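Visitor: Hey, could you walk me through this one? I'm new to it.

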Amino acid sequence: MALWGGRFEKGVDAFTQEFGASLEDDKAMAQEDIKGSRAHAKMLAKQGIISNDDAAAIDAGLEKISGQIADGTFAWDVNDEDVHMAVEKALTADIGTPGARLHTGRSRNDQVATDIRLYAKRLCEELLEGNVELRRTLLSVAEKNLGVVMPGYTHLQHAQPVLFSHHMLAYFWMFSRDYTRLVAARTAADANPLGSAALAGTTYPLDRDYTTQLLGFDHAISNSMDAVSDRDYLLDLDYACAVSMMHLSRLCEEIVLWSSTEFGFITLSDSYSTGSSIMPQKKNPDFAELTRGKTGRVYGDLMALLTTMKSLPLAYNKDLQECKEGPADAAKTLLDCMAIASGMLETMTVNAKTMLAQAGKGFTAATDVADYLAKKGMPFREAHEVVGKLVLYCEKHGKGLEDLTAEEFQASSPLFGDDIAQDLDPAGIANARVTYGGTGEAAVRVQLAEAKERLAAD
Ligand code: ARG
């Protein structure tokens, strides 16, 4: 018989029972449920609503159940519907009457909201740690490879030479903002709904500030209807995960490209590659691809929750039971993918020579050649035109800018002198960009120091 079975004459069939249950999703937050119940019981005793003896029996009983859940000996039964009733039923079976007093002044509606908020905070903590780990790897890869020059791209066409470290650090900053988003999601979850009861509060003299303190929440939620019925903090978590997956997906797309024969910029470690069952030569970047692919499901988790929440009238509706699986999936997916990306980056080989060779191809010096003319007094627009023509000339003659003779340069503009050579060197071009945030080594060193400072602060 369900704990709410008093007014019912018959139960649902097994399939319907399973359909309505949330036990599977709840298991992940079982320890939070127990923590919430222990705080509630302690508060009930402090307020004289139950006796100290009852509270002590409840506390000991819940501690025992917590141990059983942790070591896998707790007997889960789908007929209990959810973790709240499973734990309460087991408690009462064990300690008798005091267990039956636990639910005084409480509803599963504020109970589940409490569990989810505690759980969301824990997920955020784990994600924040994973995020820091990934950024630590990016930073060390950037630091180790300072001096490696690669082509920078726009439209996936060679644009200008950049330092590989600069490219890596671009991701560092993206993930730093993801960190900020995760902190915001944790802050959003950090409020106590316990004591809101079903929707309207309760007639018992509960001390909500006390449970807030016991559970480590920042404050008690001001409105009982808001407390039991919104899940916007889970949307914040889903959103933070979705954005971070988007960043990971971009990084992984580059890893896939860079490890291809066409690019050859990096070689992935065997430990982060797989083979083909038919083609003996294959070494595939499966884990980068999978991370890119899993971005879809995390976007899906965000969309699913947004859609579940829309149009729900206040206050609690059973629809809200659907809110738990997605955020748990989003968080686990991001956590796993961050660890995979970190491992991939840490173990890959950076093929500096290939990168450098490519950095000079595709007329990546063109901007600097135009700047050369502009610095000699030619208006930049005119210089752009002159160098555009020079590139066209090169293309027609199958040459690179670096292959042009002094006479050929002179023919396109008399302003060209021998010193143009230094503006054709990819490393020189990259390292000349020392404005704040630029790719020049001196600027990247400043950036590395800032990144270290940021990491130490997070
Ligand atoms: N299993 C429910 C959930 O996950 C708990 C709250 C149920 N409340 C209710 N009035 N049916 O949302």
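Guide: Sure, one term to start: a residue is buried if 20 or more other C-beta atoms lie within 10 Å of its own, exposed if 12 or fewer, and partly exposed in between, with C-beta atoms placed from the backbone. Also, this is a predicted model: local features need pLDDT of at least 70, side-chain atom pairs count only at pLDDT 80 or more, and totals for chains, interfaces and linings use all residues. Residues are numbered from 1 along each chain as its sequence is written.

Visitor: Okay, which residues of α19 are buried?

Guide: E441, V444, Q447 and A451 are the buried ones in α19. They span an arc of only 105° around the axis, so they sit on the same side of α19. That arc is taken from the directions from the helix axis to the C-beta atoms. Helices (H or I, at least four residues) and strands (E, at least two) are DSSP runs, numbered from the N terminus.

Visitor: And what's on the other side of α19?

Guide: There, A442, A449, E453, A456 and A457 are exposed.

Visitor: What covers the buried residues of α19?

Guide: The cover includes α7 (108-144), β2 (157-163), α8 (164-189) and α18 (426-431). Contact here means C-beta atoms, placed from the backbone, within 7 Å.

Visitor: Which residues of α14 are buried?

Guide: In α14 (residues 352-359), they are M355, Q358 and A359. Their arc around the axis is only 105° as well, which puts them on the same side of α14. They pack against β1 (149-154), β2, α8 and α18.

Visitor: Switching topic, which residues are around the ligand?

Guide: S22, D82, R108, N109, V112, Y316, K318, L320 and Q321. A residue counts as near if its C-beta atom, placed from the backbone, lies within 6 Å of the molecule. By class, that shell has three nonpolar, three polar and three charged residues.

Visitor: Any backbone oddities?

Guide: A few. In general, most residues other than glycine have a negative phi, and most peptide bonds are trans. L314 and A315 are joined by a cis peptide bond, with omega about 0°. A315 is in the loop between α12 (286-309) and α13 (325-347). E81, not a glycine, has a positive phi of about 75°.

Visitor: Is E81 buried or exposed?

Guide: E81 is buried, because 22 other C-beta atoms lie within 10 Å. Its loop runs between α4 (52-71) and α5 (83-95).

Conventions:
Nonpolar A, V, L, I, M, F, W, Y, C, P; charged D, E, K, R; others polar. Contact = placed C-beta atoms within 7 Å.
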